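Visitor: I am new to this structure. Could you show it to me and take a few questions?

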Amino acid sequence: MLTFLLSPLAALGGIIVNSDVEAQRISIASLRNIYTLRQTLWPNRQPIVVFVLPDDHPVNVAFAKEKLGLYPYRLRQTWDRMSFSGMASAPIQVKDENEMRARVRATPGAIGYTSKDMVYDGIKTLRLE
């Protein structure tokens, strides 16, 4: 039981967006499309700015596996392929969750994720459908 509570999967909180994003919820398919750089605009045509934690960060690993159904190295391969081919810009990597929250709060159209499902000024948490 204690192992489960300390695992990265148990620590994953929510999908966060800048408060100007009109959405209240997001489908798993849309979330996967955003993080694999196939969807670059919100439904209101606002550009999506994607923020991620380092590849080996426990919250990133949990997010990739639990929410996207992908291994982090597969995400990195997708980002590299899309950015090197000029089809999309790679997500912006931040060093930790504090920077993630600060950057999402300050960036219109931004999306990110955290280990704690908490309320922060200037940030909304999206519900997964």
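Visitor: Which exposed residues does the face of α6 turned away from its buried side carry?

Guide: Happy to start there, and please keep in mind that this is a predicted model. A residue counts as exposed when its relative accessible area is over 50%. On the face of α6 turned away from the buried side, the exposed residues are N98 and A106.

Visitor: Why are the buried residues of α6 on the same side?

Guide: The buried residues in α6 are E97, M100, R101 and V104. They sit on the same side of α6 because the arc they cover around the axis is only 95°.

Visitor: What do the buried residues of α6 pack against?

Guide: Let's begin with the whole helix: α6, residues 97–106, packs on the sheet and touches β1, β3, β4, β5 and β6. Its direction makes about 40° with that of β1. For the buried residues of α6, the packing partners are β1, β3, α4, β5 and β6.

Visitor: Which residue caps the N-terminal end of α6?

Guide: Look for a side-chain oxygen 3.2 Å from the backbone nitrogen of N98. The residue that supplies this oxygen, and so caps the N-terminal end of α6 by a contact within the 3.5 Å cut-off, is D96.

Visitor: Which are the edge strands of the sheet?

Guide: The sheet is open, with six strands in the order β2-β6-β1-β5-β3-β4 and mixed pairing. An edge strand here pairs on one side only. That describes β2 (25–26) and β4 (92–93).

Visitor: What is the bridge partner of V17 in β6?

Guide: Strand β1 spans residues 15–18, and β6 spans residues 123–128. These two strands pair in the antiparallel sense over four bridges. In β6, the bridge partner of V17 is K124.

Visitor: How many residues apart in sequence are the parts that the pair F63 and Y113 ties together?

Guide: F63 and Y113 form a stacked aromatic pair, 4.1 Å centre to centre with 5° between the planes. F63 lies in helix α4 and Y113 in strand β5, so the pair ties together parts whose separation in sequence is 50 residues.

Visitor: Are F63 and Y113 buried or exposed?

Guide: Under 20% relative accessible area counts as buried, over 50% as exposed. By that test, both F63 and Y113 are buried.

Visitor: Which residue forms one aromatic cluster with F63 and Y113?

Guide: A search of the whole structure finds four aromatic pairs, among them F63 and Y113. The residue that joins F63 and Y113 in one aromatic cluster is Y35.

Definitions and conventions:
Residues numbered from 1 in each chain as written. Predicted model: local features only at pLDDT ≥ 70, side-chain atom pairs only at ≥ 80, totals over all residues. Heavy atoms only, no water. Pairing = 2+ DSSP bridges. Contact = heavy atoms within 4.5 Å. Axes fitted to C-alpha atoms, helices over the stretch in contact; angles between N-to-C directions. Buried < 20%, exposed > 50% of the residue type's maximum accessible area, 1.4 Å probe, protein only. Arc of directions from axis to C-beta. Polar contact = N/O pair within 3.5 Å; in protein donor to acceptor, adjacent residues only side chain to side chain. Phe/Tyr/Trp six-rings, centres within 6.5 Å; stacked < 30°, edge-to-face > 60°.
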